[in-house]
Each structure stands twice: as C-alpha cells, then as structure tokens.
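Please look through the following protein chain slowly, keeping its sequence and its 3D structure side by side. The report after it moves from the chain as a whole to some of its parts.

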Amino acid sequence: MPPRLSIVVPVYNVELYLDECLESIAAQTFADFECILVDDGSTDNSAAIAKAFAARDKRFRVVMQENAGLGAARNVGARHLTEGTEYLAFVDSDDTMPDYAYERLIAALDETGSDFAGGNVKRFRSVGMQQSWGHRAAFAKTQLKTHISKFPALVTDRTAWNKVYRRSFWDEHGFQYPEGILYEDAPVSIPAHYFASSVDILSDCVYHWRVRETGERSITQRSTDPVSVIDRVTSVRLVREALKAKQGAKYTRYLRDYDHNVLSEELPLIYKYVGEGGPEFRAAFVEHVGGLIKEIGPEPWPNLTVADRLKAYLAAEGRVEDFIALCHHQRDYDYSVPVKGLARPQADYPFLQGRPPVPAKLLTLGTRERRVVSRLEQAVWKDGKLLLRGYAIPGHLGAENRLASRKALVFREGGKRRRTVVGARTVASPMATVNAPHLALRHADWAASPPSSTRASSSPAASGATAYGRPPSPSPAPAASTAPASRAASPTPARTRPPTGWPPTSGSSPTPRAP
C-alpha cells in the first residue's frame with residue numbers, strides 16, 4: 001500500500017545543513033510518508049550524506065542527476081513519486097520543520113477536502129527564530145476552506161515548501177516548476193491559489209526557513225545581482241501567463257488583482273536595491289522591470305499610492321536617477337509626501353524641479369493618502385455631559401493653519417440611523433504632530449479640538465462618535481473613524497489606522513524636519 005504523503009527534497013551543496021533537515025523530516029509525527037532526495041549534481045559531500053541517511057531510514061530514497069537547478073530537481077522528484085500517494089510536499093534541503101507540521105496540514109485537508117493547505121513560517125539563524133515577514137499577513141489566523149478571492153493577502157504566499165498539495169489537484173493542473181531561473185516558487189504557488197476550489201490556511205508555524213550565515217548565499221540573499229532582477233521579473237511574467245491562459249471574467253479579475261499586487265508589493269522588493277546596485281543591475285532594472293510595467297499598463301495605477309505610481313512611471317521611462325532620488329526622499333523623510341494645494345492636493349517632490357515633466361494625474365493624492373487620521377485622547381462624563389478631546393489630521397496634508405480645516409463630532413445611537421452633529425473648535429496641540437510619524441515634512445499642531453460636550457440623550461453604552469476633519473470645501477467631508485461608546489468612555493485612546501504611504505514598521509528613528 002503506498003504511503004499517503006510524498007515529500008520531495010532537492011539537494012545541492014548543503015553538507016552543512018542536510019543532516020539537520022532530514023532529521024526534522026524523519027521526526028514528523030505524521031509518519032506515513034516517502035521522501036525523495038534529488039541530488040542535483042552536488043560537488044561537496046551532500047550526496048554521500050543523503051545516501052547514508054536513506055540506508056538508515058527506508059522511507060527515504062535518493063535520485064541522482066546532473067546539475068540542472070532547483071526547479072528541475074523538484075520536477076524530477078515529482079516524477080519519481082510512488083503511484084497512488086495522496087499528498088505532495090516540497091522541502092528545501094537547508095531548512096527544517098517542527099515535528100507536527102505534516103500532521104496538522106494533512107489533518108486540515110482530511111477535514112475540509114481543500115486542494116492544498118499552507119502554514120506559517122519562521123526565519124531562523126544561530127541566534128534564534130522570528131516570524132517570516134513575507135508570511136505574516138497571509139497566516140495571521142487560521143482559515144479553513146478559504147480562497148485568494150476572499151482573502152487577497154494570500155497573494156503573498158509565494159513559497160513552495162510551507163504547503164501540502166492534494167496530488168489529484170497537482171496532476172489535474174500539470175504544475176511544474178520553471179527551470180533555469182531563480183524565484184521558481186511563485187509560478188506554481190500563486191496560480192495554485194487562483195486555480196484551487198478552496199485552501200486551508202494555518203496560523204501554526206509549519207516551516208523553519210534558514211538565513212544562511214556561512215557558505216553560499218541563498219537565492220533570497222542575492223538581491224543586487226542583475227540575474228536576481230531578470231529572474232524575478234520572469235517569475236512574475238510566468239504567473240501572468242498562467243492567469244491569462246484561463247478563460248472567463250473571474251480570471252480577468254484575478255489578473256487585474258495580481259497586477260496591482262505586483263506594482264504595490266512585488267516590484268518594491270526590487271525597488272529598494274536600485275540605489276545600491278551597479279550599472280549592470282540598473283540596466284537590467286530598466287529593461288526588465290520597465291518592460292514589465294509597460295506590459296501591465298496603467299490600469300492598476302489609480303489604486304496605487306502616489307509614490308508607487310511615480311516609481312512605476314519613472315521605471316517605465318528609464319529615469320533611474322529620478323527613481324533613486326525618490327527612494328532617497330522616502331528614506332530621509334520617513335515616507336512622508338510633500339504636498340502642494342488643498343482642494344486638489346498634489347505631491348511636490350523637490351527632486352523633480354528642473355527635470356522632464358511628470359503627468360499631473362500621477363502626482364494627485366488619492367483618497368487613501370488623504371484619509372483622516374484621528375485620535376480620541378479624552379472621554380469623560382461630567383454633569384450629564386460627555387466631554388471629548390482629540391484631534392483629526394487629513395492624511396499627508398497636515399494641519400499647519402487654524403483655519404485650514406473644520407471638524408465635527410457625529411454621534412449615532414446604537415442600532416439606529418439617527419445622528420447628532422456637534423461642532424468642534426480647532427486649537428493648537430503639538431502632540432498631534434508628535435503622534436503623526438508620517439508627517440516628516442509638515443506639522444499637525446492645529447489638528448486638535450478642545451473638550452467638546454454634548455448632553456446625554458441615551459445611556460453611554462448606546463451611542464458612538466465619529467470625527468470629521470478636512471480642508472475647507474463645499475463637498476461633504478468623509479468620515480474618518482468611528483469609536484463605539486464603550487471605547488469612547490474608556491481612558492485608553494483610540495486611533496485609526498494611519499494613511500497608506502509610510503512603512504508599517506515601529507520604533508523608527510526621529511524623522512528629519514524640512515527647514
């Protein structure tokens with residue numbers, strides 16, 4: 001009777017790590033598996049280590065081949081599976097796994113019938129482990145029988161080895177890893193997410209991804225190599241081709257969604273190395289990244305941040321020096337956007353002065369960058385009145401003038417549509433600037449409102465408050481945040497998410513102020 005699970009492990013010059021990898025597989029609490037070790041022409045002692053391990057544990061067997069690369073080794077391993085196995089998984093030979101990994105992934109698949117299951121990942125080195133940044137959003141919580149169309153963050157789940165595939169699904173779509181390129185995982189992992197009927201996502205860590213500290217650098221550590229740029233773009237193109245090959249409106253939508261992710265998340269993985277890359281890297285950037293952006297076209301651009309739109313335009317136009325200047329500006333000013341105008345605000349980057357013009361529509365701030373950031377700093381009941389104090393900042397526009405914005409509080413009784421609007425005065429409060437890290441080029445000292453009061457018409461638990469803030473305009477102001485009364489009555493301040501346009505990191509160094 002065939003084992004339920006087949007595991008493919010490509011092996012190439014990993015004598016320092018291979019034993020640890022194979023021991024972690026052998027120790028799996030799900031023991032009904034076969035493991036195919038494909039030696040890809042190793043020139044060190046890896047093949048001997050693999051053969052010795054297979055001699056001790058009959059679940060392991062070795063396939064030898066001339067060096068052909070990681071993708072080819074995976075494909076060869078997949079062709080050597082025992083007929084009739086139910087599931088398929090891949091492991092890289094310098095990584096390890098917790099002993100429960102396959103037990104939990106397969107238990108989910110047995111329960112749901114999904115096409116594949118994936119789990120969370122930790123990066124590890126000699127000093128310990130930490131959450132893999134690339135897997136943080138997709139695996140924040142367990143979700144069974146979901147799909148990328150329901151949970152778009154799964155587009156970041158590009159890796160091959162944190163998954164177990166149902167073999168019938170794998171064979172139906174004829175998946176094969178591209179050969180002869182780096183970044184071969186995504187052309188299988190991302191189409192698989194779109195092609196699947198459903199997938200299971202586990203927040204449990206199922207894979208330990210090594211950061212190499214000695215020996216040859218891993219693929220993801222060769223970021224300024226021109227080949228890295230070329231192959232990453234090739235990987236993106238292969239995903240696009242797989243989606244374009246499918247017919248129907250949903251795949252047209254999937255391609256549009258993927259293109260947006262490419263421009264907003266995938267290509268920025270290349271963008272950050274352009275400044276330190278040499279002439280060959282920059283030439284590859286112009287040819288391949290610029291070419292890809294032209295292939296995608298401008299349709300996804302309106303939904304990008306102004307900085308991402310500008311980067312896409314400069315890359316497509318081959319304006320590398322201006323592109324680097326934009327990256328340096330973001331680094332120096334904590335991703336703050338210099339803005340001119342209030343009614344129709346536009347980005348006003350100083351490095352563009354005296355340079356060839358950029359279309360005005362690319363520099364216009366979108367609703368995401370004008371989204372109001374608000375904070376409730378005080379909420380107390382006194383003499384039958386609710387006293388509220390806080391501030392509201394319209395995105396990257398700041399609040400540098402007392403007359404440049406109007407504010408109001410809107411109360412809505414719980415479960416009812418009726419609203420009560422209460423005016424709020426504008427006062428100076430430097431703490432609003434301190435609490436707005438995205439405003440490195442402007443201040444928000446006039447964003448605050450003094451304690452505003454309204455007489456209670458219902459119990460505190462039955463009402464809510466909404467803060468509004470905007471530049472003077474005849475059009476209605478958009479709501480910035482809604483604070484339930486249970487939160488409003490709490491001494492803990494409530495703050496909305498900051499506007500898109502600066503990195504989601506904490507503990508950054510003080511931001512430089514414009515002179």
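## Buried residues and the chain as a whole

A residue is called buried when its relative accessible area is under 20%, exposed when the value is over 50%, and partly exposed in between. The structure discussed here is a predicted model, and by that definition buried residues make up 53% of the 515 residues in the chain.

The chain holds 17 helices and 19 strands. If one takes the contacts between residues at least 6 apart in sequence, 74% of them join residues at least 24 apart.

## Helix H1 and its surroundings

In helix H1, which covers residues 18-26, the buried residues are Leu18, Cys21, Leu22, Ser24, Ile25 and Ala26. These buried residues pack against strand S1 (5-11), strand S2 (33-40), helix H2 and strand S3 (60-65).

The pairing of H1 with H2 (residues 46-56) can be described further, since the axes of these two helices come within 10 Å and cross at roughly 25 degrees. Because angles under 35 degrees count as roughly parallel, H1 is roughly parallel to H2, and the crossing in which H1 passes H2 is right-handed. On the H1 side the contact is made by Leu18, Asp19, Leu22, Glu23 and Ala26, while H2 brings Ser46, Ile49, Ala50, Phe53 and Arg56. Sorted by character, the residues of this contact are six nonpolar, one polar and three charged.

## Two nonpolar cores

In soluble globular proteins, nonpolar side chains tend to be buried together. In this model the largest nonpolar core has 79 residues, and the members that touch the most other members are Tyr194, Tyr258, Leu267, Val289, Ile293, Leu310 and Tyr349. Helix H12 (residues 306-316) gives the most to this core, with eight residues. Apart from this core lies another one, of 38 residues, which includes Leu22, Val91, Ala108 and Tyr207.

Which residues does Tyr258 touch, once those up to four places away in sequence are not counted? They are Val155, Ile190, Tyr194, Val236, Val239, Arg240 and Leu243.

## Helices H12 and H13

Helix H12 packs with helix H13 (residues 320-332) at an angle of about 155 degrees, and their axes are 9 Å apart. Because angles over 145 degrees count as roughly antiparallel, H12 is roughly antiparallel to H13, and H12 passes H13 in a left-handed crossing.

Where the two helices meet, H12 supplies Ala307, Leu310, Lys311, Leu314 and Ala315, and these face Asp322, Phe323, Leu326, Cys327 and Gln330 of H13 in the contact. The residues of the contact divide into seven nonpolar, one polar and two charged.

## Arg166 and Ala160

Arg166 is placed in strand S8, which runs over residues 163-166. Is this arginine buried or exposed? The relative accessibility of Arg166 is 16%, and so Arg166 counts as buried. Apart from residues up to four places away in sequence, Arg166 touches Glu86, Tyr87, Leu109, Gly113, Ser114 and Asp115.

Ala160 lies in the loop between strand S7 (143-146) and S8, and because its relative accessibility is 0%, Ala160 also counts as buried. When neighbours within four places in sequence are left aside, Ala160 is in contact with Arg74, Phe90, Tyr177, Asp185 and Ser189. The C-alpha atoms of Ala160 and Val188 are separated by 7.8 Å, although the two residues are 28 residues apart along the chain.

## Two tyrosines with positive phi

Tyr183 has a phi near 55 degrees, which is a positive value in a residue other than glycine. Tyr183 sits in the loop between helix H6 (167-173) and helix H7 (186-195), where, at 12% relative accessibility, Tyr183 counts as buried.

Tyr335 likewise has a positive phi, of about 65 degrees, although Tyr335 is not a glycine. The place of Tyr335 is in the loop between H13 and strand S10 (339-340). How far is Tyr335 open to its surroundings, or in other words, what is its relative accessible area? The value is 31%, and therefore Tyr335 is described as partly exposed.

Methods
Residues are numbered from 1 along each chain as its sequence is written. This is a predicted model: local features need pLDDT of at least 70, side-chain atom pairs count only at pLDDT 80 or more; totals for chains, interfaces and linings use all residues. Side-chain values use heavy atoms; hydrogens and water are left out. Axes are lines fitted to C-alpha atoms, for helices over the stretch in contact, and angles run from 0 to 180 degrees between N-to-C directions. Helices (H or I, at least four residues) and strands (E, at least two) are DSSP runs, numbered from the N terminus. Angles under 35 degrees count as roughly parallel, over 145 as roughly antiparallel, 65 to 115 as roughly perpendicular and the rest as oblique. A crossing is left-handed if the near helix is turned anticlockwise from the far one by less than a right angle, and right-handed if clockwise. Contact means heavy atoms within 4.5 Å. Ala, Val, Leu, Ile, Met, Phe, Trp, Tyr, Cys and Pro count as nonpolar, Asp, Glu, Lys and Arg as charged, and the others, Gly among them, as polar. A nonpolar core is a set of buried Ala, Val, Leu, Ile, Met, Phe, Trp, Tyr and Cys residues joined through side-chain atoms within 4.5 Å. Buried means under 20% relative accessible area, exposed over 50%, partly exposed in between (1.4 Å probe, protein chains only).
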